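Biologist: Could you take a close look at the side of chain B that touches chain A, and then place it in the setting of the rest of the model? I would like one connected account rather than a list.

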Protein chains: 2
Amino acid sequence: MNDISSGKLRGITKLADANGRFKMMAIDQRGSMVQALADVLNTGKANVQYEDVAALKTLITGVLSPNATAVLTDPIYGHPYSITEIPRDVALLLAYEESGYVSEGVSENERLSNPIKNWSIAKAQRAGADAIKLLAYYHPDASPATLKHQQAFVRHVGDECEKHDLPFLLELVSYALKGTAKSVGFAKQKPDLVIRSVAEFTDASYKVDILKLEFPADLKYTADYQESSFYAGDSAYEIAQVKDICQQLDETSTLPWVILSAGVDIEEFIENVHLATEAGASGFLCGRAIWKDAVQYYPDTDAVSRFLENEATTNFRHANEAAENALPWFNHRHFGGVENIQIAKQSANWYQAY
Amino acid sequence: MNDISSGKLRGITKLADANGRFKMMAIDQRGSMVQALADVLNTGKANVQYEDVAALKTLITGVLSPNATAVLTDPIYGHPYSITEIPRDVALLLAYEESGYVSEGVSENERLSNPIKNWSIAKAQRAGADAIKLLAYYHPDASPATLKHQQAFVRHVGDECEKHDLPFLLELVSYALKGTAKSVGFAKQKPDLVIRSVAEFTDASYKVDILKLEFPADLKYTADYQESSFYAGDSAYEIAQVKDICQQLDETSTLPWVILSAGVDIEEFIENVHLATEAGASGFLCGRAIWKDAVQYYPDTDAVSRFLENEATTNFRHANEAAENALPWFNHRHFGGVENIQIAKQSANWYQAY
C-alpha cells in the first residue's frame with residue numbers, strides 16, 4: 001500500500017478530473033500579462049493599470065474555468081477579483097513565487113526566484129487553495145550559488161506544503177546561460193536540461209507532489225514539423241528522437257507530471273500534449289496557448305468575451321481531448337493504482353497523531 | 001455589496017450545488033451509530049469494535065456520497081477510512097464536537113457539549129475540510145452555567161473558523177429539561193425552543209455562517225398527518241400552524257439555514273424538507289433518514305451495499321428533489337444575490353492585508 005496524507009489526497013483528487021487526468025488552466029501570469037497589455041494599449045509596462053490586469057483576468061477566468069479541472073491564479077491581480085468566477089467543482093491553485101526573476105549577486109544570465117512579499121502558504125490555504133504552485137527557473141549548469149538558492153527555495157516550499165498538508169506542484173523552467181532560448185542550439189540542449197532538472201527535484205527531500213514541466217524538446221526545431229506554421233526553419237531532431245526524449249523524461253520522473261504551454265501557439269501545444277501523454281504525462285496546466293489571443297482585443301471587453309467564448313473555448317476543448325490519453329495520476333508508478341492508496345497512519349488514533 | 005472572506009466563500013460555494021442549494025449527507029454519527037451496531041450485533045455498546053464502525057461508515061460514504069453536494073464525517077471512525085471514497089466534487093465537512101454530552105457540574109437534565117480531545121480546526125483544515133460543523137445541544141431555559149458553557153463553546157469555534165477562514169456550520173439540537181422529547185408536551189414547546197435558539201446564535205458575535213436546524217415543529221404530532229405511518233396519536237398543532245412556525249423561524253434566521261433529519265423516517269423527513277424549503281431553508285444536511293435502515297444488515301456487507309444502492313439511493317434522490325425548492329444560499333437576504341457578493345478587502349493589497 002502507498003500511504004498519502006489526507007490533505008494531499010483531497011487536494012490532488014480535486015485538481016484532476018474524476019478519471020485522474022489534469023486539465024488545468026493557468027491565469028497566474030503577471031509579468032507577461034502586463035507586457036501583453038502594454039503592447040496592446042501601446043504604452044509602457046509601468047503605465048499598465050492594476051485594474052486592467054485584474055479585469056482581464058476576471059474575464060478569462062469567468063469564461064474559461066468551467067472547462068478546467070483546476071484553475072491556477074495569483075494572489076495579486078487574480079485571486080481577489082477572480083475567485084468568485086471559479087465554479088464549485090473546479091479546484092484552486094495559488095502561485096507562491098514573485099513573477100520573473102532577479103540576478104542579484106550572481107551572473108546576469110542566471111535566474112533567482114523569490115517569494116511574493118507578505119504572502120504565505122498559510123494564507124493561501126486559508127484563502128481556499130487546494131494546492132500550491134511554485135515556478136522555479138533552473139539550469140543545472142548554473143553557478144553553485146544559484147543552484148543552492150533555487151534548491152533551498154524549492155525545499156522551503158516543500159516543507160511548508162508538508163506542514164499545511166497541501167499538494168505541492170513544482171514548475172521548472174529552463175533558460176539559456178548563453179545566447180537565446182529561441183535557437184536551434186538551445187533546442188538541442190533542452191532535453192538534457194529538462195531531464196536533469198527533473199532528476200534533481202524528484203529527490204524526496206524536496207517533497208514535490210506533481211511536476212509541471214516544459215515539453216522536453218522543441219517542435220519548432222523538429223524536422224517532421226517542416227510543414228507546420230510553427231516550424232522555425234532549422235532542425236535539432238526528428239520526431240522519433242523527440243519521442244525517445246519524452247520517454248526518458250517519463251522514466252526520470254518518479255512523480256506524476258503535467259505539461260505546460262510556455263505561450264506556444266495552440267497547434268504546437270496540442271502536439272506537445274499528445275506526445276507527452278503518450279509518454280506518460282498525466283495532463284496539462286496551460287494558460288497562454290489557450291487564451292493569449294484574447295488580450296489583443298482589450299479594452300473592448302465584448303470582443304475579449306467573444307474570443308474567449310469561441311476560439312479560446314475551442315482551444316480548451318482540443319487540449320482536453322488530447323489529454324484523454326493521459327495517465328491517471330493514481331496509476332503513476334509512484335501510487336500504483338487507486339486500490340493501493342490509503343490514508344497515512346490510518347487508525348483509531350489518526351486524529352490525535354495527525 | 002456584501003463582503004465575504006475568500007476561504008468562507010470558496011467553502012460555502014463547494015458545500016452547495018451549482019445553484020446554491022445544500023444537499024448534504026451526514027455520516028459523522030458516533031454514539032448513535034455504535035448503539036445501532038450494538039443492537040444489530042446483539043451486544044453492548046462497549047463491545048462494538050472500532051473496525052466495524054469504520055467499515056460501515058466507509059460503505060455508506062462510498063455508495064451514497066456521489067448523491068451529495070457535501071459529506072459530513074467525523075475524524076475518529078470516518079475520516080481516516082472514508083475520505084478516499086468522497087468524489088472530487090463533493091465537499092468535505094468535519095465535525096468538531098465530541099459525540100453526546102455531559103452534565104458535569106450542572107443539573108443532570110442539562111447538556112454540555114465538548115470538543116474532541118486532541119482534535120482541532122487547524123487539523124481539520126489541513127486534512128482537507130471545506131467547512132466545520134459543530135453540534136451544540138441547547139435549551140434557552142437551561143441554567144446560566146449551562147447557557148454560558150454552550151455559548152462560550154460556540155463562540156470559540158466561531159473564532160477559530162474565522163482565524164482559519166473556514167465556513168462555520170452550527171447545528172442546534174434542543175432537548176427536554178423535564179420528561180421526554182417524545183411527547184405531545186415537548187412537541188408544543190419545540191417551536192419556541194428552536195426559534196429562541198436561532199435568535200441567540202445568529203448574533204454576529206458567534207460568527208456562524210450556516211445554521212443546521214431541527215424542524216421547528218413535530219409532524220408526528222400534527223393533526224393533518226393522522227393518516228401517516230409516523231403519526232404519534234396525539235396532536236399539538238395543525239399544518240397551517242406548522243407553516244407559520246417555519247415562517248417565523250425563517251424570519252428569525254438572519255443566516256442561511258438547512259434542515260437536519262434527527263433520524264426520523266424518510267417520509268417524515270421529505271415532508272420536513274418541503275415545509276422548510278417553502279419557508280426559506282437552503283437545503284438539508286441529513287444522515288439517518290436516508291441510510292439508517294442499512295445498519296440492520298451488518299455484518300452482511302453485501303446486503304448493506306444492496307440496501308444503500310437501492311432504497312437509500314432512492315431516499316437520497318427524493319430528498320434532493322424536495323430540496324430543488326430551496327432558497328439558494330446566495331439569495332438569502334444575508335447575501336442579497338450573487339451579484340452583490342464580493343471578496344472582502346478587494347484591492348491590489350489584498351494578499352498583504354489578508
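**The side of chain B that touches chain A, and its setting**

Modeller: I begin inside the barrel of chain B and work outwards to the contact you ask about. In this predicted model, Leu260(B) has Leu285(B) of β9(B) standing opposite. These residues belong to a pair of strands, β8 (residues 257-260) and β9 (residues 283-286) of chain B, which run parallel and are joined over 2 bridges. That pair is part of a closed barrel of 8 strands in chain B, with parallel pairing, in the order β2-β3-β4-β5-β6-β7-β8-β9; from one strand to the next, the twist averages 25°.

Helices accompany these strands, and two cases can be described in some detail. Helix α6 (residues 144-164) of chain B lies across β5 (131-137) and β6 (168-173) of chain B, and its direction makes an angle of about 175° with β5(B). Helices α7 (residues 184-201) and α8 (residues 239-252) of chain B have axes that come within 9 Å and cross at roughly 10°; with angles under 35 degrees counted as roughly parallel, α7(B) and α8(B) are therefore roughly parallel to each other. On the α7(B) side their contact is made by Pro191(B), Val194(B), Ile195(B), Val198(B) and Ala199(B), and on the α8(B) side by Ile245(B), Gln248(B), Leu249(B) and Thr252(B). By class, this contact of α7(B) with α8(B) holds 7 nonpolar and 2 polar residues, and no charged ones.

Now to the side that touches chain A. There, 40 residues of chain B are in contact with 40 residues of chain A. The elements of chain B that each give two or more residues to this side are α1 (6-15), α4 (79-82), α5 (121-126), β10 (341-343) and α12 (350-353). Among these, α1(B) gives the most, with 7 residues. Divided by class, the residues of this side of chain B are 19 nonpolar, 14 polar and 7 charged.

The arrangement of the two chains can be stated as a superposition: a turn of 180°, with a shift of 0.0 Å along the axis, lays chain B on chain A with an RMSD of 0.0 Å. The two copies are thus related as by a two-fold rotation axis. In chain B, the C-alpha nearest that axis belongs to Asp89(B), at 2.5 Å from it. Both copies use the same surface, since 100% of the contact residues of chain B recur in chain A.

For the partner, chain A has a secondary structure of 12 helices and 10 strands. Its radius of gyration is 20 Å, close to the 20 Å that the globule rule gives for 354 residues, so chain A is as compact as a globular protein of that length. The C-alpha trace of chain A spans about 60 × 45 × 45 Å along its principal axes.

Some backbone details deserve a check in each chain. Most residues other than glycine have a negative phi, and most peptide bonds are trans. In chain A, a cis peptide bond joins Tyr298(A) and Pro299(A), with omega about 5°, and Pro299(A) sits in the loop between α10 (288-291) and α11 (301-322). In chain B, a cis peptide bond joins Tyr298(B) and Pro299(B), with omega about 10°, and Pro299(B) lies in the loop between α10 (288-291) and α11 (301-322) of that chain. Ala262(A), although not a glycine, has a positive phi of about 50°; its place is the loop between β8 (257-259) and α9 (266-279) of chain A.

Key
Residues numbered from 1 in each chain as written. Chains lettered and ligands numbered in written order. Predicted model: local features only at pLDDT ≥ 70, side-chain atom pairs only at ≥ 80, totals over all residues. Pairing = 2+ DSSP bridges. Helix = DSSP H or I, 4+ residues; strand = E, 2+ residues; numbered from the N terminus. Axes fitted to C-alpha atoms, helices over the stretch in contact; angles between N-to-C directions. Contact = placed C-beta atoms within 7 Å. Least-squares fit on C-alpha atoms with pLDDT ≥ 70 in both. Nonpolar A, V, L, I, M, F, W, Y, C, P; charged D, E, K, R; others polar. Parallel < 35°, antiparallel > 145°, perpendicular 65-115°, else oblique. Rg over C-alpha atoms; globule rule 2.2 N^0.38 Å.
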